[in-house]
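Please look through the model shown below before reading on. The paragraphs that follow lead from a helix in one chain to a strand in another.

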Amino acid sequence: MKIIIDKIKTSELQEMTKNMFGNIVKAVVDIDKEIMAVDAPMHADLEAQLINHDSDQENLWGINLYPEQFGSADFIEYDSMINLRPNQNNRSRGVEDLKIREKIIKIVQKLVEK
Amino acid sequence: MTIVFHKGLTTKKWFSMNIFEQMANIGSEVFRMLKWRKKDAKNSNLAFERALELIDLSLCDPKNKIHSKEIARTREVLVDYTFSNEYKSTDKFFENYFYSFNYAARLGR
């Protein structure tokens, strides 16, 4: 597991896919602190790590990154069990709020480089 | 964190409980969710949403940092159970898991 505060290269993400799921890297983004935790078998593990890093759970959103799709709309997949939050009016595994999705995209673009 | 489904519950009240008491209370909602699953989807879903809210409160509780991984994993496995059940959970699994907290919460009382 790793918390990305500055930058991470797609080559490093690609390396992570070999150890875990073959083509994806699980990630959790903190839309307030604009940081991201990556590389764990469950989004819950990344969520817990960020909470221990003083993130607030309500700002954390789970995504999957496809390093081979970097630069395309398919690079980010909004799908995680941790996203199901009825008390924040998010009743699916996706990210239903468009503004939150836009924030996630901006943060991922800021943190991930070729 | 804003509490939506548990009217009358405050974070102060929830945080005053130890982890065993919190998980036992979460277990009560999970048992309700399981009980209603086959009979009434709406009641089951309401219990599920209440369980998630309590789990999220426990995740926010500063004294639970040492337990955060387990709490977060419990949440993910519970949500998975209501979707594709990739982790192959069963009702029995959740019953056994949460009953242990019931016992722990009552020890010494």
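What should helix H2 of chain B span at 1.5 Å a residue, and how far apart are its end C-alpha atoms? In this predicted model, the helix covers residues 19-37 of chain B, and because it has 19 residues it should span 27 Å, which agrees with the 27 Å between its end C-alpha atoms. At the N-terminal end of H2(B), Asn18(B) acts as a cap, with a side-chain oxygen placed 3.0 Å from the backbone nitrogen of Phe20(B).

Many positions along this helix are buried, among them Ile19(B), Met23(B), Ile26(B), Val30(B), Phe31(B) and Leu34(B), and the buried set also includes Glu21(B), Gln22(B) and Glu29(B). The partners against which the buried residues of H2(B) pack are four helices of chain B, namely H1 (11-15), H3 (41-60), H4 (68-82) and H5 (91-106).

In chain A, the strand to follow is E4, residues 35-38, from which Ile35(A) and Ala37(A) point one way while Met36(A) and Val38(A) point the other way, although all of them are buried. Strand E1 of chain A, residues 2-4, pairs with E4(A) in the antiparallel sense through three bridges, and here Ile4(A) stands opposite Met36(A). Strand E3 of chain A, residues 25-30, also runs antiparallel to E4(A), to which four bridges join it, and Ala27(A) has Val38(A) as its bridge partner. E3(A) and E4(A) form a hairpin with four residues between the strands, and in this hairpin Glu34(A) adopts a positive phi near 60°.

Note on methods: Residues are numbered from 1 along each chain as its sequence is written. Chains are lettered from A and ligands numbered from 1 in the order in which they are written. This is a predicted model: local features need pLDDT of at least 70, side-chain atom pairs count only at pLDDT 80 or more; totals for chains, interfaces and linings use all residues. Side-chain values use heavy atoms; hydrogens and water are left out. Helices (H or I, at least four residues) and strands (E, at least two) are DSSP runs, numbered from the N terminus. The expected span of a helix is 1.5 Å times one less than its number of residues. Buried means under 20% relative accessible area, exposed over 50%, partly exposed in between (1.4 Å probe, protein chains only). Contact means heavy atoms within 4.5 Å. A polar contact is a pair of N or O atoms within 3.5 Å; within protein, one must be able to donate a hydrogen and the other to accept it, and residues adjacent in sequence count only if both atoms are side-chain atoms. Two strands pair if DSSP finds at least two bridges between them.
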